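Reader: I have a structure open and a few questions about how it is put together. Can we go through it piece by piece?

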Amino acid sequence: MPSQLLSDRILEIGFSKIREVMGKVEAAKRKGIAVTDLSIGRPDFDTPGHIKEAAAKALAEGKVHYTASAGTLELREALCHRFQEDYQLKIDPAEILVTTGAAEAIFIGLMSVLNPGDEVLVPEPMYVYYPGYASFGGAKCVPIPLQEENQFLLKADYLEKFITEKTKVLILNSPHNPTGQVFLQEDLEPIARLARRHNILVVSDDIYNGMLYDGVEHFPIAKAPGMKERTLIIGSFSKTYAMDGWRIGYLIAPGEVITQALKLHQHIVSCPNTFVQVGAQAALTAPQDCVRQMAAEFDRRRKALMARLDGIGLPYVRPRGAFYVFPSIKKFGLTSARFADFLLEKARTAVVPGDAFGPQGEGYVRISYCAPVEEIEKGMDRVRSALAQL
Ligand SMILES: Cc1ncc(COP(=O)(O)O)c(C=O)c1O
């Protein structure tokens with residue numbers, strides 16, 4: 001088919017470079033090569049049993065038909081309860097849309113507020129799909145380079161330099177993929193003041209908020225004065241409850257945004273999957289021990305990985321959330337793509353090249369600790385031997 005028949009909009013966006021790494025890992029495995037996969041960005045745990053049982057029961061009971069487009073009232077009420085309990089944040093069910101993962105929540109949220117010519121500020125390195133979402137909305141993604149020497153954190157005075165009269169949205173992601181950093185209340189409050197002063201909306205992608213270490217706490221920016229009415233909270237069950245394949249997440253936003261986003265949501269999915277919503281409700285209403293247990297295990301792996309990195313002498317900013325470390329590989333003089341290929345070939349260990357997260361990620365690789373400690377240690381020992389050859 002002649003490519004002129006394709007839309008400019010679709011040709012503008014690209015594929016995820018993380019998926020390219022997955023392809024290489026698959027190809028190696030097909031050749032019978034055992035690879036330690038530290039490239040994946042999803043928990044390797046099974047979904048907790050009580051969640052699976054609730055969904056299986058719903059299926060057995062015939063909960064197989066459409067629900068309300070916004071998601072069942074029971075699930076939205078369970079979300080309100082969790083936000084109240086975890087963050088003392090009062091949310092109304094009318095401010096929630098249950099979506100097909102956080103991916104859909106970001107998409108419909110942004111499509112509901114962006115106009116052609118708008119600018120979307122995003123700290124870089126950034127989650128791979130943000131530029132594509134902005135482009136779909138006809139907007140320009142404006143990266144804000146995060147610096148290793150500033151712990152990859154964002155400060156309001158630095159952010160202000162990137163604001164123009166076209167700035168409509170600031171996307172924040174904390175805990176952060178790929179650096180594992182957590183934006184703290186002391187930095188978020190001045191950022192919130194800026195957002196109010198310049199009339200900017202904040203999309204707060206909080207999907208890793210269940211994974212925090214070293215005693216740091218998640219501060220939802222919507223809690224800052226005057227921010228609830230200008231914040232779109234993006235949430236997901238994917239990471240917190242090891243439910244990435246279930247495809248369920250949510251958008252929490254001011255009622256006006258939800259009303260408009262609901263139209264697009266109806267156009268593309270009608271409603272979220274029915275029995276998956278029952279599983280998600282069970283996840284929220286049961287005691288949260290499974291979340292704490294998974295986070296404790298991630299913490300053990302984080303420490304094991306940091307010990308190996310220290311041994312190898314790869315510098316990194318100590319991660320405090322999510323399940324990623326973002327070490328610098330600058331001293332080896334290779335591009336991050338070549339470095340990742342080298343590790344896959346010589347150390348049979350897969351990591352993601354930092355440039356997958358934008359040019360600011362060049363000179364780094366993302367290592368995830370979604371694998372058992374022994375596996376991480378074996379893979380990193382091979383990395384050590386391979387790097388000794390460089
Ligand atoms: C920062 C960030 N936002 C959103 C998503 C999408 O998550 P979901 O599986 O809920 O669609 C991911 C997935 O890795 C992510 O890392």
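Author: One definition before we start. Ala, Val, Leu, Ile, Met, Phe, Trp, Tyr, Cys and Pro count as nonpolar, Asp, Glu, Lys and Arg as charged, and the others, Gly among them, as polar. Note too that this is a predicted model.

Reader: How do the residues of the shell around the ligand divide into nonpolar, polar and charged?

Author: The ligand is surrounded by 13 residues. Gly101, Ala102, Ala103, Ser236 and Ser238 are the closest. By class, the shell holds four nonpolar, seven polar and two charged residues.

Reader: Which helix gives the most to the shell around the ligand?

Author: Look at residues 101-113, which form one helix. Three residues of the shell come from there. The helix is α5.

Reader: What is the order of the strands in the open sheet?

Author: The sheet has seven strands, and their pairing is mixed. Its edge strands, each paired on one side only, are β2 (96-99) and β4 (140-145). Neighbouring strands are turned by 20 degrees against each other on average, direction ignored. The order is β2-β8-β7-β6-β5-β3-β4.

Reader: Which residue in β8 does Ser236 stand opposite?

Author: Ser236 is among the closest residues to the ligand. Strand β7 covers residues 231-236 and β8 covers residues 249-252; they pair in the antiparallel sense over four bridges. Opposite Ser236 in β8 stands Gly249.

Reader: Why is strand β6 largely enclosed by the rest of the structure?

Author: A residue is buried if 20 or more other C-beta atoms lie within 10 Å of its own. Leu201, Val203 and Asp205 point one way from β6, Val202 and Ser204 the other way, and all are buried. Strand β6 (residues 201-205) is therefore largely enclosed, with the count of buried residues at five of the five.

Reader: Which residue stands opposite Leu201 in β6?

Author: Strand β5 (residues 167-173) runs parallel to β6. Five bridges join the two. The residue opposite Leu201 is Val169.

Reader: What gives the most to the side of domain 1 that touches domain 2?

Author: Domain 1 is assigned as 3-47 + 290-388 and domain 2 as 64-285. Contacts link 36 residues of domain 1 with 36 residues of domain 2. On the domain 1 side, α1 (8-12), α2 (17-30), α11 (289-312) and β9 (324-325) each supply at least two residues. With six residues, the one that gives the most is α11.

Reader: How far apart do the C-alpha centres of the domains lie?

Author: The two centres compared are those of domain 1 and domain 2. They lie apart by 24 Å.

How values were computed:
Residues are numbered from 1 along each chain as its sequence is written. This is a predicted model: local features need pLDDT of at least 70, side-chain atom pairs count only at pLDDT 80 or more; totals for chains, interfaces and linings use all residues. Two strands pair if DSSP finds at least two bridges between them. Axes are lines fitted to C-alpha atoms, for helices over the stretch in contact, and angles run from 0 to 180 degrees between N-to-C directions. Domain bounds come from an automatic or database domain assignment. Two residues are in contact if their C-beta atoms, placed from the backbone, lie within 7 Å. A residue is near a molecule or strand if its C-beta atom, placed from the backbone, lies within 6 Å of it. A residue is buried if 20 or more other C-beta atoms lie within 10 Å of its own, exposed if 12 or fewer, and partly exposed in between; C-beta atoms are placed from the backbone.
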